[in-house]
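This report walks through a protein model, strand by strand and helix by helix. Keep the structure in view while reading.

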Amino acid sequence: MAKVEVKQLLEAGVHFGHLTRKWNPNMAPYIYMERNGIHVINLYKTVAKLDEANEALAKIAASGRKILFVATKKQAKDIVAEKASNVNMPYITERWPGGMLTNFVTIRKAVKKMASIDRMKKDGTFNTLSKKERLQVDRLRAKLEKNLGSISEMTRLPGALFIVDTMREHIAVKEAQKLNIPIFAMVDTNSDPRDVDFVIPSNDDASKSIEIIMSQVTEAVAEGLAERKSEKSEGSEEKKEKSSKKKEKESKEDLEPTPAKVDTKPTPVVDKVPNVTVDVEATKEAVKKDNDAEADDLTKIEGVGPKAAEALANAGLDTFAKVASVDSDEMKEILTEASSRMAHLDPTSWPKQAQMAADGKWDELKEWQDSVKGGVEE
């Protein structure tokens with residue numbers, strides 16, 4: 001930032017103080033001389049104090065804290081509003097709301113009210129109100145916007161106050177002092193510099209004077225914001241680089257075998273398998289026995305002789321249950337195919353008898369067999 005020179009301040013009229021009879025004796029260190037009943041401010045001290053203030057403001061801006069600009073006098077409000085807006089800082093150019101700092105929670109509620117009204121207009125709720133209610137809401141919104149619209153983005157107490165005319169904004173000064181918020185201010189010869197942390201001795205009534213000081217101050221704030229942005233960007237790139245290196249390292253570790261990842265345990269030793277000999281004939285005999293054990297004595301069915309039982313067994317009907325599941329006609333065909341001599345056999349009752357045998361109803365089977373002749377019902 002180019003430093004302002006004394007000549008520039010002189011041309012802007014920054015050196016003009018108030019009438020000598022209205023001076024504040026505490027401003028004596030900053031007064032150069034008296035001429036025609038008016039105090040003249042020492043601009044060399046103004047430059048030195050301005051540099052000091054700019055350095056502090058840049059640091060506050062770089063830290064991410066907001067700086068609240070306050071100027072409600074007519075010749076200052078437009079200049080301050082424009083300069084503060086350019087660096088995205090909050091400002092108060094209308095009446096100072098009492099409790100702006102000391103009752104910040106209430107102020108935030110009022111700001112939220114504005115956002116609430118905006119939401120009503122977006123979602124259509126606003127249109128459901130009566131004409132009178134809509135008019136009242138619009139007036140409330142306009143009033144809030146006028147007084148608090150410029151601080152709607154200030155979600156917490158500011159890191160500092162910059163004031164033009166501390167006598168006029170004495171309430172803001174008191175509130176900042178109560179909360180230990182640093183005060184930067186253009187202080188004229190009629191004001192008390194003891195209330196201010198960073199005094200910029202200057203004419204706070206002339207618009208040119210206010211503009212040149214505000215330009216210097218907001219440039220310092222802009223530098224602080226740029227520094228913050230740069231640090232963030234560097235931090236982000238450094239973070240990305242670290243993340244990239246970390247991923248690359250992890251990738252290499254995944255590819256390279258390590259003792260922790262490779263199973264280095266020795267292969268288990270298998271005991272010598274003993275020779276096993278299989279007696280095929282004995283196995284066949286055992287299987288045959290098993291098959292014989294599973295087969296039923298079909299000759300217990302009245303009318304089934306050994307030959308018929310063998311024919312049925314060869315056809316797969318070797319148990320009572322299997323015989324019970326086959327139709328008598330199909331069984332007749334099996335017998336006829338096995339031997340023409342068995343073509344005369346009548347297997348009509350065989351499934352019925354086989355079912356009783358399969359169910360273990362031997363008494364019932366015997367009683368039935370006694371009641372018929374040759375297993376044939378008359």
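Val164 stands opposite Met186 in S7. The model is a predicted one. Val164 belongs to the stretch 160-164, which is strand S6. S6 and S7 pair in the parallel sense, and four bridges join them.

**The sheet**

S6 and S7 sit within a wider arrangement. Five strands make up an open sheet, ordered S5-S4-S6-S7-S8, with parallel pairing. The edges are held by S5 (91-92) and S8 (198-201). Each edge strand has a single partner, so one side of each lacks a neighbour in the sheet.

How many residues of S7 are buried? Strand S7 covers residues 183-187, and five of the five are buried, so the rest of the structure largely encloses it. Both faces of S7 are covered. On one side lie Ile183, Ala185 and Val187, all buried. On the other side lie Phe184 and Met186, also buried. Met186, the residue opposite Val164, is thus on the side shared with Phe184.

A helix adds to this picture. Helix H6 (residues 170-178) lies across S6 and S7. Its direction is about 160° to that of S6.

**Two helix pairs**

Two packed helices are described by the angle between their axes and the distance between the axes. The table sets out two such pairs.

| Pair | Residues | Angle | Axis distance |
|---|---|---|---|
| H4 and H5 | 104-123 and 131-148 | about 135° | 10 Å apart |
| H12 and H13 | 350-358 and 362-371 | roughly 150° | within 8 Å |

Take H4 and H5 to begin with. They pack at about 135°, and angles over 145 degrees would count as roughly antiparallel. H4 and H5 are therefore oblique to each other. Their crossing is left-handed. H4 contributes Ile107, Ala110, Val111, Lys113, Met114, Ile117, Asp118 and Lys121 to the contact. H5 contributes Val137, Asp138, Leu140, Arg141, Leu144, Glu145 and Leu148. Nine of the contact residues are nonpolar, six are charged and none is polar.

Now H12 and H13. Are they roughly parallel or roughly antiparallel? They cross at roughly 150°, and the cut-off for roughly antiparallel is over 145 degrees. H12 and H13 are therefore roughly antiparallel to each other. H12 passes H13 in a left-handed crossing. On the H12 side, the contact uses Lys352, Gln353, Met356 and Ala357. On the H13 side, it uses Trp362, Glu364, Leu365, Trp368 and Gln369. This contact has five nonpolar, two polar and two charged residues.

**Helix H3**

Helix H3 spans residues 74-86. Its buried residues are Ala76, Ile79, Val80, Ala81, Lys83 and Ala84. A lysine, Lys83, is thus among the buried residues of H3. Asn88 follows H3 and has a positive phi, near 55°.

**The whole protein**

The protein has 13 helices and eight strands. It contains 378 residues, of which 38% count as buried. Among contacts with a separation of 6 or more, 60% come from residues 24 or more positions apart.

How values were computed. Residues numbered from 1 in each chain as written. Predicted model: local features only at pLDDT ≥ 70, side-chain atom pairs only at ≥ 80, totals over all residues. Heavy atoms only, no water. Axes fitted to C-alpha atoms, helices over the stretch in contact; angles between N-to-C directions. Helix = DSSP H or I, 4+ residues; strand = E, 2+ residues; numbered from the N terminus. Parallel < 35°, antiparallel > 145°, perpendicular 65-115°, else oblique. Left-handed = near helix turned anticlockwise from the far one by under 90°. Contact = heavy atoms within 4.5 Å. Nonpolar A, V, L, I, M, F, W, Y, C, P; charged D, E, K, R; others polar. Buried < 20%, exposed > 50% of the residue type's maximum accessible area, 1.4 Å probe, protein only. Pairing = 2+ DSSP bridges.
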